[in-house]
Amino acid sequence: MDNDRISHILIHQFVNGCDKIHCQNPYCRNSGNFKFKGQNFEELQKISTQLAKTHNYKKIICPNIPITLINPDIQSIIQNLRKRTIKF
């Protein structure tokens, strides 16, 4: 995964959070211990870019982030499956 993709995932995670109501990942907006509370969008963008370049992203990316963000190819697979099931 390239740095731009990682940064995109992280900014989503920082702004929108994951699929859990209360997450344990301090790098996720839905965590009660969110590390970047009070940061504006521009600051979160800078942080996501820095983290994508300098940290082990697997430890930072929330495990509850939608898989379609992690792997955008999944979205096209899901759409193809829907088309097939409608024809069935």
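**Close-up views of a predicted model**

Asn30 counts as buried, because its relative accessibility is 19%, below the cut-off of 20%. This residue opens the series of legends below, which describe a predicted model.

**View 1. Asn30 and its surroundings in the loop between helices H1 and H2**. Helix H1 covers residues 3–16 and helix H2 covers residues 41–54, and Asn30 is found in the loop that lies between them. A polar atom of the Asn30 side chain lies 2.9 Å from the backbone oxygen of Cys18. The backbone oxygen of Lys20 lies 2.7 Å from a polar atom of the Asn30 side chain. When neighbours within four places in sequence are left aside, the residues in contact with Asn30 are Asn16, Gly17, Cys18, Lys20, Ile21, His22 and Cys23.

**View 2. The aromatic cluster of Phe14, Tyr27, Phe34 and Phe36**. Four aromatic pairs are found in a search of the whole structure. One of these pairs joins Phe34 and Phe36: the ring centres are 5.8 Å apart and the planes stand at 90°, so the arrangement is edge-to-face. Ring pairs link Phe34 and Phe36 with Phe14 and Tyr27 into a cluster. Phe34 has a relative accessibility of 5% and therefore counts as buried. Phe36 also counts as buried, because its relative accessibility is 13%.

**View 3. The largest nonpolar core, with Leu10, Phe14, Phe36 and Leu51**. This core holds 20 residues, of which the four named in the title touch the most other members. The elements that contribute two or more residues to the core are H1 and H2. The greatest contribution is that of H1, which gives five residues. Phe14 and Phe36, both shown here, also belong to the aromatic cluster of View 2.

**View 4. Contacts of the core residue Leu10**. Apart from its neighbours within four places in sequence, Leu10 is in contact with Ser48, Leu51, Ala52, Ile60 and Ile61. Among these partners, Leu51 is another of the four core residues that touch the most other members.

**View 5. Helix H5, residues 73–87**. This helix has 15 residues. From its first C-alpha to its last, H5 reaches 22 Å, a span close to the 21 Å expected at 1.5 Å a residue. The number of buried residues among the 15 of H5 is zero, so the helix lies largely in the open.

How values were computed: Residues numbered from 1 in each chain as written. Predicted model: local features only at pLDDT ≥ 70, side-chain atom pairs only at ≥ 80, totals over all residues. Heavy atoms only, no water. Helix = DSSP H or I, 4+ residues; strand = E, 2+ residues; numbered from the N terminus. Buried < 20%, exposed > 50% of the residue type's maximum accessible area, 1.4 Å probe, protein only. Polar contact = N/O pair within 3.5 Å; in protein donor to acceptor, adjacent residues only side chain to side chain. Contact = heavy atoms within 4.5 Å. Core = buried A, V, L, I, M, F, W, Y, C linked by side-chain atoms within 4.5 Å. Expected span 1.5 Å × (residues − 1). Phe/Tyr/Trp six-rings, centres within 6.5 Å; stacked < 30°, edge-to-face > 60°.
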